[in-house]
Amino acid sequence: MTDREGQEEAKKQGKPWTRAKGWDTSCPVSEMVPTASVAASVGDYRALNLWLSVNGVRRQYGSPARMIFDVPTLIAEVSRVHTLEPWDLLLTGTPEGVGAVAPGDVITAGIKEVGVEITVPVVEALSLP
């Protein structure tokens, strides 16, 4: 999630964009899904289908198979400059369908093949002082 207004405000002030990228509910995470569950469900992570709805309306649907770089390549590149530990998350971007949300909206997202689903309310981002 990105608070676009906050990001523009931070740019104008020459400040970091941290607040525009992280606030309560800006990066919800479901329970961790063991790789054995993925393997048992689909055999190959690239066959997973991830989806996102806002207020019950589907906005995004995508698969790791459509990513520009595959997961092993991403892990290899990131680990060249950052130490990765178990349970670290790599946020890689999003499939088409990005759109505005407002406080009070409800986002539901999931991974179809493993039955993971998470629902979170959108809350207002903090303004820059």
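User: Happy to dig in! Which residues does Asn 49 touch, not counting residues up to four places away in sequence?
Analyst: Good place to start, with the reminder that this is a predicted model. Asn 49 sits in the loop between α3 (35-41) and β1. Leaving aside residues up to four places away in sequence, Asn 49 touches Tyr 61, Gly 62, Ser 63, Gly 110, Ile 111, Lys 112 and Glu 113.

User: Is Asn 49 buried or exposed?
Analyst: The cut-off for a buried residue is under 20% relative accessible area. Asn 49 has 18% relative accessibility, so Asn 49 counts as buried.

User: Which side chain joins that of Asn 49 in a polar contact?
Analyst: There are two polar partners to mention here. A polar atom of the Asn 49 side chain lies 3.4 Å from the backbone oxygen of Ala 47, but that is a backbone partner. The side-chain partner, at 2.6 Å, is Glu 113.

User: Thanks! On to the sheet: in what order do the strands stand?
Analyst: The sheet is open and has 4 strands, with antiparallel pairing. From one strand to the next, the twist averages 15 degrees. The order is β2-β1-β3-β4.

User: Which strands stand at the edges of the sheet?
Analyst: Strands of a sheet pair through backbone hydrogen bonds, either parallel or antiparallel. In the order β2-β1-β3-β4, each edge strand has a single partner strand, so one side of each is left without a neighbour in the sheet. The edge strands are β2 and β4 (116-121).

User: Which residue in β2 stands opposite Leu 52?
Analyst: β1 and β2 run antiparallel, and 5 bridges join them. Within β2, the residue opposite Leu 52 is Gln 60.

User: What is the phi of Asn 55, and where does this residue lie?
Analyst: Asn 55 lies in the loop between β1 (50-54) and β2 (57-62). At 45% relative accessibility, Asn 55 counts as partly exposed. Asn 55 is a residue other than glycine, yet its phi is positive, near 50 degrees.

User: And what is the phi of Trp 87?
Analyst: Trp 87 belongs to the loop between α4 (71-79) and β3 (106-111). With a relative accessible area of 63%, Trp 87 is exposed. Although Trp 87 is not a glycine, its phi is positive, at about 75 degrees.

User: Let's turn to the helices. Which element do the buried residues of α1 pack against?
Analyst: Helix α1 (residues 4-13) has Gly 6, Gln 7 and Ala 10 as its buried residues. Seen down the axis of α1, these fall within an arc of 100 degrees, so they line one face of the helix. The element they pack against is α2 (18-21).

User: Which exposed residues does the face of α1 turned away from its buried side carry?
Analyst: Glu 5 is a handy example, since this residue lies in helix α1. Its relative accessible area is 69%, and exposed means over 50%, so Glu 5 is exposed. The exposed residues on that face are Arg 4, Glu 5 and Lys 12.

User: Which residue follows α1, and what is its phi?
Analyst: The residue after α1 is Gly 14. Its phi is positive, near 70 degrees.

User: How far apart are the C-alpha atoms of Glu 5 and Leu 91?
Analyst: Along the chain, Glu 5 and Leu 91 are 86 residues apart. In space, their C-alpha atoms are separated by 21 Å.

User: What is the N to O distance in the salt bridge of Glu 8 and Lys 11?
Analyst: Glu 8 and Lys 11 are 3 residues apart in helix α1, so about one helical turn separates them. Glu 8 is partly exposed at 38%, and Lys 11 is partly exposed at 40%. Their side chains meet with an N to O distance of 3.3 Å.

User: With which residue does Arg 46 form a salt bridge?
Analyst: Arg 46 is partly exposed, at 41% relative accessibility. Its partner is also partly exposed, at 26%. The closest N and O atoms are 2.7 Å apart, and the partner is Asp 44.

User: One more: with which residue does Arg 80 form a salt bridge?
Analyst: At 66% relative accessibility, Arg 80 counts as exposed. Its partner is partly exposed, with a relative accessible area of 44%. The closest N and O atoms lie 3.0 Å apart, and the partner is Glu 77.

Terms used:
Residues numbered from 1 in each chain as written. Predicted model: local features only at pLDDT ≥ 70, side-chain atom pairs only at ≥ 80, totals over all residues. Heavy atoms only, no water. Helix = DSSP H or I, 4+ residues; strand = E, 2+ residues; numbered from the N terminus. Buried < 20%, exposed > 50% of the residue type's maximum accessible area, 1.4 Å probe, protein only. Arc of directions from axis to C-beta. Contact = heavy atoms within 4.5 Å. Pairing = 2+ DSSP bridges. Axes fitted to C-alpha atoms, helices over the stretch in contact; angles between N-to-C directions. Salt bridge = Lys/Arg side-chain N within 4 Å of Asp/Glu carboxyl O. Polar contact = N/O pair within 3.5 Å; in protein donor to acceptor, adjacent residues only side chain to side chain.
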